[in-house]
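User: I am new to reading protein structures and would like to understand the words used for them. Could you take me through this one?

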Amino acid sequence: MAHCASLHLSLAPTTSDRAVSFSRAARTRLVRVRCVSSPSKVASSVIERSSSPSKTGKWQWKFDGNSVNVYYEEHSGKSSENVKNILMVPTISDVSTVEEFRTVAKDIVDREGSINFRATIVDWPGLGFSDRPSLNYNADVMENFLIQLINSPDSPVKSSEGDLIICGGGHAATIVVRAAGKGLVKPAVIAAMAPTWAGPLPIVFGRDSSMEARYDLLRGTLRAPAVGWMMYNMLVSNEKSIQSQYKSHVYADPNNVTPTIVQTRYELTKRKGARYVPAAFLTGLLDPVKTHEEFLQLFADLEGKVPVLVVSTAGAPKRSKAEMVALKGAKGVTKFVEVPGALLPQEEYPLAVSEELYRFLYEVYMADR
């Protein structure tokens, strides 16, 4: 999970005005926002039973001669007028799942106003309820999936060019930003929830040549037919390990880690092919960049092109928190806020996250009128 040392491996209010111009087709819009901390209410930690989605399905991702069934679910509100589409992509980890965004999605779509929303949450290939084939997963493979998902004519999230809001957590957020910077996807808005870029081992032990050799050995071992399962079960696929990770750094409040959460996440680790993506994530193959400077540049590349919300957390692990805080006031970041939580604020404190997301979307779309 950037758990395991982020293995995923002072809530003082601040205010600063910032005006940013965004070109969109033949028009320019001005959005004035503030960098603020989350509202004082520590809204609703961990709502375990969220409402069922309006629709679920499987979409086929074509890659390297494979057809991979990708799970998605759609959440819709009552209004069908002036509806904006939101794609939500979960944080990449060994227990990644659409479930982490369900309450955020439900809260957003249930709000009725002059602008309404429809949310589609999609599991990454190799994770959650999607197929888990033995591909050579890396950041480019995951980016390819995202590009196809957004641009394919048969995609469940297909929308008019430049009209899709994309919300991602952790590494997923950074992969979205990277793809947008290359012009491979053209979102209307990006929301990055606790964005990260370094896998659990690289963020702790670095990436020199000796460590990279060790990562290669570990990755190969985890992918091996027999010994791989044994090691995976020891490191990841056991309830004690999952509970420990959640309590130490995935959640900010250990009391929010319930037996239900541990059990449902444990079940995900027992699905066929479950170890392939974690083997890549743990050892840094899914890292979108390799340095802090490259991370900041990804956001800088979006300056003036697309509104970007960064949601940092008060209780993130030290190294991950430093990367999030570095985005405060950074080029390309339209608005920076802090909410309670650690590495999964959208799951632990979903209503605090949905409030900040809704507020930002309202600011962006109202400024465009």
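Analyst: Happy to; we will go from the whole chain to a few of its details. Keep in mind that this is a predicted model. The protein chain holds 13 helices and 11 strands. Of its 369 residues, 57% count as buried, and its accessible surface comes to about 14500 Å². Carbon and sulfur atoms hold 50% of that surface.

User: Let me start with a single residue. Why is Asp-64 called exposed?

Analyst: Its relative accessibility is 66%. The word exposed is used for values over 50%, so Asp-64 counts as exposed. You will find Asp-64 in the loop between strand E4 (55-63) and strand E5 (66-76).

User: And what makes Ala-194 buried?

Analyst: Here the relative accessible area is 1%. Buried means under 20%, so Ala-194 is buried. Ala-194 also sits in a loop, the one between strand E9 (189-193) and H4.

User: What is the phi of Asp-64, and what is the phi of Ala-194?

Analyst: Phi is near 50° for Asp-64 and about 45° for Ala-194. Both values are positive, although neither residue is a glycine.

User: Now to the helices. Why is H2 called roughly perpendicular to H3?

Analyst: Two numbers describe a pair of packed helices: the angle between their axes and the distance between the axes. Helix H2 (residues 139-151) and helix H3 (residues 171-181) pack at about 70°, with axes 10 Å apart. Angles from 65 to 115 degrees count as roughly perpendicular, so that is the term for H2 and H3.

User: Which residues meet there, and of what kinds are they?

Analyst: From H2 come Ala-139, Asp-140, Met-142, Glu-143 and Leu-146. They meet Ile-175, Val-176, Arg-178 and Ala-179 of H3. The residues of this contact divide into 6 nonpolar, 3 charged and no polar.

User: Which residues of H11 are buried, and how do you know where they lie around the axis?

Analyst: In helix H11 (residues 318-325), the buried residues are Ser-320, Lys-321, Glu-323 and Met-324. They cover an arc of only 160° around the axis, so they are on the same side of H11. A general point helps here: an α-helix has 3.6 residues a turn, so residues three or four places apart point the same way.

User: What covers the buried residues of H11?

Analyst: The cover includes helix H4 (200-205) and helix H10 (292-300). Strand E10 (308-313) and strand E11 (335-339) are also among the elements that cover them.

Definitions and conventions: Residues are numbered from 1 along each chain as its sequence is written. This is a predicted model: local features need pLDDT of at least 70, side-chain atom pairs count only at pLDDT 80 or more; totals for chains, interfaces and linings use all residues. Side-chain values use heavy atoms; hydrogens and water are left out. Buried means under 20% relative accessible area, exposed over 50%, partly exposed in between (1.4 Å probe, protein chains only). Helices (H or I, at least four residues) and strands (E, at least two) are DSSP runs, numbered from the N terminus. The arc is that of the directions from the helix axis to the C-beta atoms. Contact means heavy atoms within 4.5 Å. Accessible areas come from the Shrake-Rupley method with a 1.4 Å probe; for residues, only the protein chains shown count as cover. Axes are lines fitted to C-alpha atoms, for helices over the stretch in contact, and angles run from 0 to 180 degrees between N-to-C directions. Angles under 35 degrees count as roughly parallel, over 145 as roughly antiparallel, 65 to 115 as roughly perpendicular and the rest as oblique. Ala, Val, Leu, Ile, Met, Phe, Trp, Tyr, Cys and Pro count as nonpolar, Asp, Glu, Lys and Arg as charged, and the others, Gly among them, as polar.
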